[in-house]
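Trainee: I have a new protein model to look at, and I would like to learn how to read it. Could you walk me through it, one feature at a time?

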Amino acid sequence: MSEADAVRLDRWLWAARFFKTRRLAVDAIKGGKVSVDGARAKPARAVKVGQRLIIRKGPQTFEVDVEGLAEQRGPAPEAQKLYTETAASEATREQQRAELRAAAAAQPRPDHRPERRDRRRLAAFKRGGQD
């Protein structure tokens, strides 16, 4: 953990393990996927303790309050101490997870992999029905 008063946004997102690399963090910030206190931010924006970040990663949205600062990426338990997620954000993500599970359960799953003859028939059907 750093003793500084502020840290670059891209560096903090990387250290808090929201993104695997700083480059991915920068791309997300430039793409408008990260906002600080409700305003769009730039990668070099200073993040301070007490600020609220909204981070959109794919279908998930994280709303977190900054609790600590770090410039170096450390172990996952250390990274989790850098922020607290709001209760509303956790509830929304859990609801999304349940909806995705329900949608996946509704998808038909074959009992086994198609055999050679079945694969050829399927390919012929997709090409235009020549069997």
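Mentor: We will go from the overall build to strands, salt bridges and backbone angles. Keep in mind that this is a predicted model.

Trainee: Let's begin with the overall build. How many helices and strands does the protein have?

Mentor: Counting these elements is a good way to get your bearings. Here there are five helices and seven strands. Followed along the sequence, their order is β-α-α-β-β-β-β-β-α-β-α-α.

Trainee: Which numbers describe the overall dimensions of the protein?

Mentor: Start with the box around the C-alpha atoms, which is roughly 70 × 30 × 30 Å along the principal axes. Then take the radius of gyration: the protein has 22 Å, whereas a compact globule of 131 residues would come out near 14 Å.

Trainee: What share of the residues is buried?

Mentor: Of the 131 residues, 30% are buried. From the outside, the protein exposes about 9200 Å², and carbon and sulfur atoms supply 49% of that area. You can also ask how contacts are spread along the chain: among those with a separation of 6 or more, 46% are between residues 24 or more positions apart.

Trainee: Does a database record help as well? Where does UniProt place a domain?

Mentor: A record can point you to a stretch of chain to examine. In an unreviewed entry, UniProt places "domain: RNA-binding S4" at residues 7-73. In the model, that span is 24% helix and 33% strand, and its end C-alpha atoms lie 13 Å apart.

Trainee: Now the strands, please. Which sense do β5 and β6 pair in?

Mentor: When you read a strand pair, look at its direction, then at who faces whom. β5 and β6 are antiparallel and pair over six bridges. Take Ile54 as an example: its bridge partner in β6 is Glu63. The two strands form a hairpin with two residues between them, where Gly58 takes a positive phi near 60 degrees.

Trainee: And what about the other pairing of β6? How many bridges does β6 share with β7?

Mentor: β6 and β7 (residues 83-85) pair over three bridges, again in the antiparallel sense. Here Val66 stands opposite Tyr83 in β7.

Trainee: I keep hearing about salt bridges. What is the general idea, and how many are there?

Mentor: Side chains of opposite charge can pair when their charged atoms come close. In this model the count is eight salt bridges. One of them joins the side chains of Arg52 and Asp65, at 2.7 Å from N to O. This pair links distant parts of the chain, with Arg52 in β5 (residues 52-57) and Asp65 in β6 (residues 60-66), 13 residues apart.

Trainee: Is Asp65 buried or exposed?

Mentor: Compare its relative accessible area with the cut-off: buried means under 20%. Asp65 has 18%, so Asp65 is buried. Its partner Arg52 is partly exposed at 33%.

Trainee: Which salt bridge lies within a helix?

Mentor: Look at Glu94 and Arg97, whose closest N and O atoms are 3.3 Å apart. Both sit in helix α4 (residues 87-106), three residues apart, which is about one turn of the helix. Glu94 is partly exposed at 38% relative accessibility, and Arg97 is partly exposed at 33%. Elsewhere, salt bridges with shared partners join Arg8, Asp10 and Arg22 into one network.

Trainee: How far apart are the closest N and O atoms of Arg8 and Asp10?

Mentor: They are 3.0 Å apart in that salt bridge. Arg8 is partly exposed, with 35% relative accessibility, whereas Asp10 is buried at 1%.

Trainee: Last topic: backbone angles. Which value of phi does Arg17 have?

Mentor: Most residues other than glycine have a negative phi. Arg17 is not a glycine, yet its phi is positive, about 65 degrees. You will find Arg17 in the loop between α1 (9-15) and α2 (22-30), and Arg17 is partly exposed at 39% relative accessibility.

Trainee: Where is Asp37 found?

Mentor: Asp37 is in the loop between β2 (34-36) and β3 (39-40). Asp37 also has a positive phi, about 50 degrees, although it is not a glycine. With a relative accessible area of 48%, Asp37 is partly exposed.

Technical notes: Residues numbered from 1 in each chain as written. Predicted model: local features only at pLDDT ≥ 70, side-chain atom pairs only at ≥ 80, totals over all residues. Heavy atoms only, no water. UniProt positions renumbered as here; feature names shortened; annotations may be inferred. Helix = DSSP H or I, 4+ residues; strand = E, 2+ residues; numbered from the N terminus. Salt bridge = Lys/Arg side-chain N within 4 Å of Asp/Glu carboxyl O. Buried < 20%, exposed > 50% of the residue type's maximum accessible area, 1.4 Å probe, protein only. Pairing = 2+ DSSP bridges. Rg over C-alpha atoms; globule rule 2.2 N^0.38 Å. Contact = heavy atoms within 4.5 Å. Areas by Shrake-Rupley, 256 points an atom, 1.4 Å probe, with all protein chains shown as cover.
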